[in-house]
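User: Hi! Could you walk me through this structure with me?

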Amino acid sequence: MLEYTVYTDGAYSSMRDQGGCGIVILKNDIVVKTFSKCYRKTTNNRMELLAVILSLSMIRTAELITIISDSQYVIGCASMGWKRNKNTDLWKLYDEQKHRLQNTKIKFQHVKGHAGDASNAMCDKLAVGASHELNIIN
């Protein structure tokens with residue numbers, strides 16, 4: 001069975017008015033990919049959701065993808081029927097990725113942030129680091 005475990009996290013720095021997302025993808029408990037990126041003029045929830053969208057876009061095919069996040073917002077809206085009143089542009093992108101992976105079971109699992117999970121800590125470090133990147137605008 002082709003299965004991935006994906007840790008996602010988002011971060012936001014109000015001082016810089018920019019955020020970052022972090023992704024750690026594991027296959028058979030081995031890290032196969034990490035990713036982070038900085039975004040300007042965003043919010044923490046947008047970064048949390050964008051990390052999920054980007055992680056799904058990185059996986060071509062799988063039978064099962066387990067997304068582990070510390071975001072109740074993302075988990076609630078993606079898998080528990082919560083209303084998607086905000087970030088509708090990103091929810092549309094999420095739905096497109098989910099449709100692309102329609103033969104893949106996608107499940108969500110909550111992890112408490114900063115509670116000692118090594119992969120979550122790695123993901124958090126990537127997201128926070130990206131949110132603090134220096135963006136120079138010409």
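Analyst: Happy to; we can start with the overall fold and then look at some details.

User: Great. What kind of model is this?

Analyst: This is a predicted model.

User: How many helices and strands does the protein chain have?

Analyst: The protein chain has 4 helices and 5 strands. Starting at the N terminus, they follow the order β-β-β-α-β-α-α-β-α.

User: And what is the radius of gyration?

Analyst: The protein chain comes out at 14 Å, and this agrees with a compact globule of 138 residues, for which a value near 14 Å would be expected. Along the principal axes, the C-alpha atoms fill a box of roughly 45 × 35 × 30 Å.

User: What share of the residues is buried?

Analyst: Of the 138 residues, 44% count as buried. As for the outside, the accessible surface of the protein chain is about 7800 Å², and carbon and sulfur atoms make up 50% of that.

User: What about contacts between residues 24 or more positions apart?

Analyst: Those account for 66% of the contacts in the protein chain with a separation of 6 or more.

User: Switching to charges: how far apart are the mean positions of the positive and negative ones?

Analyst: They are 4 Å apart, counting 18 positive and 13 negative charges.

User: Now α2. Is it enclosed or open?

Analyst: Helix α2 is largely enclosed by the rest of the structure, because 6 of its 8 residues are buried.

User: Which residues of α2 are the buried ones?

Analyst: They are Y73, V74, I75, G76, C77 and A78.

User: And what covers them?

Analyst: The cover includes two helices, α1 (44-58) and α3, along with the strands β4 (64-69) and β5 (105-110).

User: What does the backbone do just after α2?

Analyst: There G81 takes a positive phi of about 75°. Further along the loop between α2 (72-79) and α3 (88-100) you'll find N87, whose phi is also positive, near 60°, although N87 is a residue other than glycine.

User: Is N87 buried or exposed?

Analyst: N87 is buried: its relative accessible area is 15%, and the cut-off for buried is under 20%.

User: Where does N28 lie?

Analyst: N28 sits in the loop between β2 (18-27) and β3 (30-40). N28 is not a glycine, yet its phi is positive at about 55°.

User: Buried or exposed, that N28?

Analyst: N28 counts as exposed, with 65% relative accessibility. To put the two asparagines together, N28 is exposed, whereas N87 is buried.

User: Lovely, thanks!

How values were computed:
Residues are numbered from 1 along each chain as its sequence is written. This is a predicted model: local features need pLDDT of at least 70, side-chain atom pairs count only at pLDDT 80 or more; totals for chains, interfaces and linings use all residues. Side-chain values use heavy atoms; hydrogens and water are left out. The radius of gyration is taken over C-alpha atoms; the globule rule is 2.2 Å times the number of residues to the power 0.38. Buried means under 20% relative accessible area, exposed over 50%, partly exposed in between (1.4 Å probe, protein chains only). Contact means heavy atoms within 4.5 Å. Accessible areas come from the Shrake-Rupley method with a 1.4 Å probe; for residues, only the protein chains shown count as cover. Lys and Arg count as positive and Asp and Glu as negative; His and the chain ends are not counted. The place of a charge is taken as NZ of Lys, CZ of Arg, CG of Asp or CD of Glu.
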